[in-house]
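Work through these exercises with the sequence and the model side by side. Try each task before reading its solution.

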Amino acid sequence: MKAVLDHIGIAVDDLDAALAFYTGALGLEVDATEDVPSQGVRAHFVRVGSAALELLEATSEESPIRRFVSRRGAGIHHITLRVDDIEAALARLRERGVRLVDETPRRGAEGALVAFVHPSSAHGVLVELKQERIEQTRHAR
Ligand code: ZN
């Protein structure tokens, strides 16, 4: 299975303070912002070479990001690996007894297909698999 690092999701508590660090102090740029109302989050993508940092801001009380931050504080929430065929990747993991959060892929940001692997099977890390929408041109913005 071929996979490349797509992005690292970072749960933030105070977006302005996070932007002051990532864009102000580090001098990186936010190149896309996307609301994902179904997840109660707003994602701010900061490009770093061929990968990105995804600053995740909670937009509702029930947001998983709000829960995460209140339990563990701001910090790394997930890593995302991009694969060519997410169905094949999930089948491969299932065969090997890996615990999945999503048995079937669902729609993620930017129209991609995504599925999460449970941290208990990934050494404490929430791993997201992502397959880009075929018709989408990467980084067209
Ligand atoms: Zn993400």
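**Exercise 1. Overall build**

What percentage of the 141 residues of the protein count as buried? Then describe the fold and its dimensions.

*Solution.*
- Note the source: this is a predicted model.
- Apply the cut-off: buried means under 20% relative accessible area. Of the 141 residues, 41% count as buried.
- List the elements. The protein has three helices and eight strands. Along the sequence they follow the pattern β-α-β-β-β-α-β-α-β-β-β.
- Check the size. A compact globule of 141 residues would have a radius of gyration near 14 Å; the protein has 15 Å, which agrees. The C-alpha trace spans about 45 × 35 × 25 Å along the principal axes.
- Look at the contacts. Take those between residues at least 6 apart in sequence: 49% of them join residues at least 24 apart.
- Finish with the surface. The protein exposes about 8000 Å², and carbon and sulfur atoms supply 51% of that.

**Exercise 2. The zinc site**

Identify the protein donors of the zinc ion and work out what the site links.

*Solution.*
- Find the donor atoms. They belong to His7 (NE2), Glu54 (OE) and His78 (NE2). These donors lie 2.0 to 2.1 Å from the zinc ion.
- Write the spacing in sequence: H-x46-E-x23-H.
- Place two of the donors. Histidine 7 lies in strand β1 (residues 3-11) and glutamate 54 in strand β4 (residues 51-58), so the pair ties together parts that are 47 residues apart in sequence.
- Check burial. Histidine 7 has a relative accessible area of 3%, so it is buried. Glutamate 54 is buried too, at 7%.

**Exercise 3. The two faces of α2**

Which residues of helix α2 (residues 64-72) are buried, and what do they pack against?

*Solution.*
- Pick out the buried residues: Ile65, Phe68 and Val69.
- Test whether they share a side. They cover an arc of only 95° around the axis, so they sit on the same side of α2.
- Turn to the opposite face. The face away from the buried side carries the exposed residues Ser70 and Arg71.
- Find the partners. The buried residues pack against β1, β3 (41-48), β4 and β5 (75-83).
- Inspect the N-terminal end. Serine 63 caps α2 there, with a side-chain oxygen 3.1 Å from the backbone nitrogen of isoleucine 65.
- See what comes after. Glycine 73 follows α2 and has a positive phi, near 85°.

**Exercise 4. Leucine 113**

Where is leucine 113 found, and which residues is it in contact with, leaving aside neighbours within four places in sequence?

*Solution.*
- Locate leucine 113: it is in strand β7 (residues 113-117).
- Classify it. Leucine 113 has 25% relative accessibility, so it counts as partly exposed.
- List the contacts beyond four places in sequence: Ile86, Pro105, Arg106, Arg107, Leu129, Lys130 and Gln131.
- Compare sequence with space. Leucine 113 and glutamate 87 are 26 residues apart in sequence, and their C-alpha atoms are 9.6 Å apart.

**Exercise 5. A backbone angle to check**

What is the phi of histidine 123 near, and is the residue buried or exposed?

*Solution.*
- Start from the rule. Most residues other than glycine have a negative phi.
- Read the angle. Phi of histidine 123 is near 55°, a positive value in a residue other than glycine.
- Place the residue. Histidine 123 is in the loop between β7 and β8 (127-131).
- Classify it. Relative accessibility is 80%, so histidine 123 counts as exposed.

Methods:
Residues numbered from 1 in each chain as written. Predicted model: local features only at pLDDT ≥ 70, side-chain atom pairs only at ≥ 80, totals over all residues. Heavy atoms only, no water. Donors = N, O, S within 2.8 Å, 3.2 Å for Na, K, Ca; no water. Helix = DSSP H or I, 4+ residues; strand = E, 2+ residues; numbered from the N terminus. Buried < 20%, exposed > 50% of the residue type's maximum accessible area, 1.4 Å probe, protein only. Arc of directions from axis to C-beta. Contact = heavy atoms within 4.5 Å. Polar contact = N/O pair within 3.5 Å; in protein donor to acceptor, adjacent residues only side chain to side chain. Rg over C-alpha atoms; globule rule 2.2 N^0.38 Å. Areas by Shrake-Rupley, 256 points an atom, 1.4 Å probe, with all protein chains shown as cover.
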